[in-house]
Amino acid sequence: MSTLQIANRSFESRLFMGTGKFGNLNEMSAAVSASGSQLITVALKRIDQIAADDELTAVLNLTKIDLLPNTSGARTAAEAVLAAQLAREALETNWVKLEIHPDPRYLLPDPIETLRATEALAKLDFVVMPYIHADPVLCKRLENAGTAVVMPLGAPIGSNKGLRTLDFLEIIIEESNVPVVVDAGIGAPSDAAKAMEIGADAVLVNTAIAISNNPLHMAEAFKQAVIAGRMAYEAGLGPITSRAVSSSPLTSFLFD
Amino acid sequence: MTDFKEILDQYSWEEIQTKIYGTSDQDVRRALNKEHLTLSDFIALISPAATPYLEQMAVKTQQVTQRRFGKTIQLYAPLYLSNECQNICTYCGFSMDNKIRRKTLNNTELLLEAMALKSMGVNHVLLVSGEANKTVEVNYFLQAIALLKPHFSQISIEVQPLDQAEYQLLQAAGVYAVLVYQETYHREVYKKYHPKGKKSNFDYRLDTPDRIGQAGIHKIGLGVLLGLEDWRVDSFFTAAHIAYLQKNYWQTRYSISFPRLRPAAGSVAPNFHLSDKHLLQLICAYRLWNENLEISISTRENESFRDHIIPIGVTTMSAASKTNPGGYVVDPQALEQFEVSDERDMETIKNQIRKMGYSPVMKDWESTYSGLIR
């Protein structure tokens with residue numbers, strides 16, 4: 001299987017994981033390890049930079065996996081840019097998962113503020129990974145603004161509803177010059193496999209693993225599903241047809 | 001834009017009451033099987049007809065809450081600034097006619113209290129005061145916030161209703177949430193419990209969440225004082241108020257609290273009793289109606305109830321609270337607002353949360369997100 005290249009880094013694993021919502025931090029770190037993920041996202045607002053004994057920071061450091069800070073909580077581009085700068089300092093990384101969802105009910109991303117923040121952050125040499133609606137035009141605009149990837153949603157964050165935006169994800173994948181990471185809504189390993197089969201470059205999963213009765217096994221299941229989906233995509237899936245294809249009644253006269 | 005007063009005036013208390021108590025078994029089952037619930041479904045779920053379905057409601061509440069909020073409980077503690085008050089509220093320990101020594105923290109005392117909270121690991125703090133508009137007013141709050149901001153990642157306030165311009169100042173100073181409880185949506189009953197002081201103005205209080213929303217504050221906390229009137233009807237109006245606010249201030253988070261009347265110096269006994277069973281029913285009804293609502297439980301509730309409710313809908317809890325100004329270190333004997341029921345310390349409560357399979361969260365905010373000019 002091919003490796004995934006984002007900015008100056010290459011990834012063997014195409015599964016990114018979120019670290020929120022776990023009932024137990026040790027369970028979280030075990031799940032993260034089982035997922036094989038090489039990039040895990042954490043909300044800047046959850047990290048306590050002052051307290052020396054911050055439990056979350058300690059557990060995350062133990063996993064030895066690179067952290068991708070996210071700007072969850074920001075409502076505007078200005079807030080997100082400031083948060084990204086703070087995160088760069090705190091976690092010593094210029095990678096940022098840009099999340100601007102001013103609607104606290106469904107946490108739907110604000111396209112206008114996200115575009116503005118991407119423009120600003122790209123100029124500040126950040127590797128920007130913006131969470132967005134599955135909007136193909138916005139993806140092209142973000143590309144022009146210097147984004148590293150696009151992260152369209154499959155369904156609202158935490159909904160576990162799967163790939164409700166499938167048709168638009170397919171357009172985005174077809175048109176994109178940057179990696180497409182399907183983020184949010186992936187509720188089951190089969191959803192992740194499906195995203196990979198249609199050609200997504202990676203997926204990001206959190207809720208489905210975190211609130212499972214056995215996060216460790218669920219993380220492993222997602223790992224395998226992502227590998228299977230990617231392998232199938234690279235091998236090339238056969239076309240889907242509802243009836244058997246027999247002879248060519250319309251064109252056969254040419255060869256008679 | 002229609003304001004909430006106009007909406008409230010369109011309803012009659014009795015009509016809603018009749019609707020609630022006339023709910024059929026079928027109404028309840030229909031509400032339980034829906035994915036997007038309306039206010040009518042909320043009525044069904046708080047009705048006596050829904051009580052037999054409590055276990056089913058609790059199971060669904062747990063699933064929905066875990067999906068949206070994860071297996072986490074956010075912890076905060078109140079910091080009482082002052083118990084001076086010019087209102088007469090017949091149920092409250094701070095009521096003006098309660099002839100007890102009054103105290104307002106000065107800067108040094110405030111920082112001592114803050115350090116006590118910090119040493120307990122508190123990072124989200126709720127500032128509380130009575131209503132003394134001459135001394136404990138917006139400038140006092142601004143000064144307090146400036147002192148506390150370097151030490152806490154999230155500062156919320158529960159003080160007297162203020163004007164929109166004052167809320168804007170607080171927003172710019174870094175206030176995250178404002179909590180203001182209507183106490184009761186029954187206009188006449190409200191008058192009876194709040195006979196004197198600025199608080200006796202029902203409409204000004206009713207309009208307060210709008211002023212908070214317009215000022216761009218991140219979160220608004222609502223609630224009624226459970227025990228003043230029929231909790232079912234009051235809760236319907238609370239939900240209707242939230243529904244109205246969500247449509248108008250769509251960038252704002254909402255939280256709901258369930259203050260049950262607790263014994264306080266000089267207070268009256270509750271007129272309407274809300275049992276544990278019904279409080280749980282109410283919590284589940286809110287969650288099933290509104291998946292995104294933050295649900296907060298204070299130390300007014302006892303240990304056993306708080307422990308059992310951790311996995312059923314709650315998102316936020318106060319812990320190790322003192323409800324008197326200076327209560328942590330400066331002046332532990334000062335007049336308290338109400339008697340705390342769950343007196344366990346922070347570590348004990350954190351361990352209890354872990355024992356229930358949940359993760360206690362002390363920090364879920366970045367002060368960067370508060371106070372930028374919008």
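A residue counts as buried if 20 or more other C-beta atoms lie within 10 Å of its own. Keep that cut-off handy, and remember that this is a predicted model.

**Exercise 1. Work out what share of chain B is buried, then do the same for chain A.**

Step 1: Apply the cut-off to the 374 residues of chain B, and 51% count as buried.
Step 2: Turn to chain A, where 50% of the 256 residues pass as buried.

**Exercise 2. Find out how chain A's radius of gyration fits the globule rule.**

Step 1: Start with the inventory: chain A has nine helices and ten strands.
Step 2: For 256 residues the globule rule gives 18 Å, and chain A comes out close to that at 20 Å, so chain A is as compact as a globular protein of that length.
Step 3: Now for the dimensions: the C-alpha trace spans about 85 × 40 × 35 Å along the principal axes of chain A.

**Exercise 3. Repeat the check for chain B.**

Step 1: Count the elements: chain B holds 15 helices and nine strands.
Step 2: A compact globule of 374 residues would have a radius of gyration near 21 Å, and the 20 Å of chain B agrees with this.
Step 3: Box it in: along the principal axes, the C-alpha atoms of chain B fill roughly 60 × 45 × 45 Å.

**Exercise 4. Say what part of each chain's contacts joins residues at least 24 apart.**

Step 1: In chain B, take contacts between residues at least 6 apart in sequence; 77% of them join residues at least 24 apart.
Step 2: In chain A, contacts with a separation of 6 or more are the pool, and residues 24 or more positions apart account for 63%.

Terms used:
Residues are numbered from 1 along each chain as its sequence is written. Chains are lettered from A and ligands numbered from 1 in the order in which they are written. This is a predicted model: local features need pLDDT of at least 70, side-chain atom pairs count only at pLDDT 80 or more; totals for chains, interfaces and linings use all residues. Helices (H or I, at least four residues) and strands (E, at least two) are DSSP runs, numbered from the N terminus. The radius of gyration is taken over C-alpha atoms; the globule rule is 2.2 Å times the number of residues to the power 0.38. A residue is buried if 20 or more other C-beta atoms lie within 10 Å of its own, exposed if 12 or fewer, and partly exposed in between; C-beta atoms are placed from the backbone. Two residues are in contact if their C-beta atoms, placed from the backbone, lie within 7 Å.
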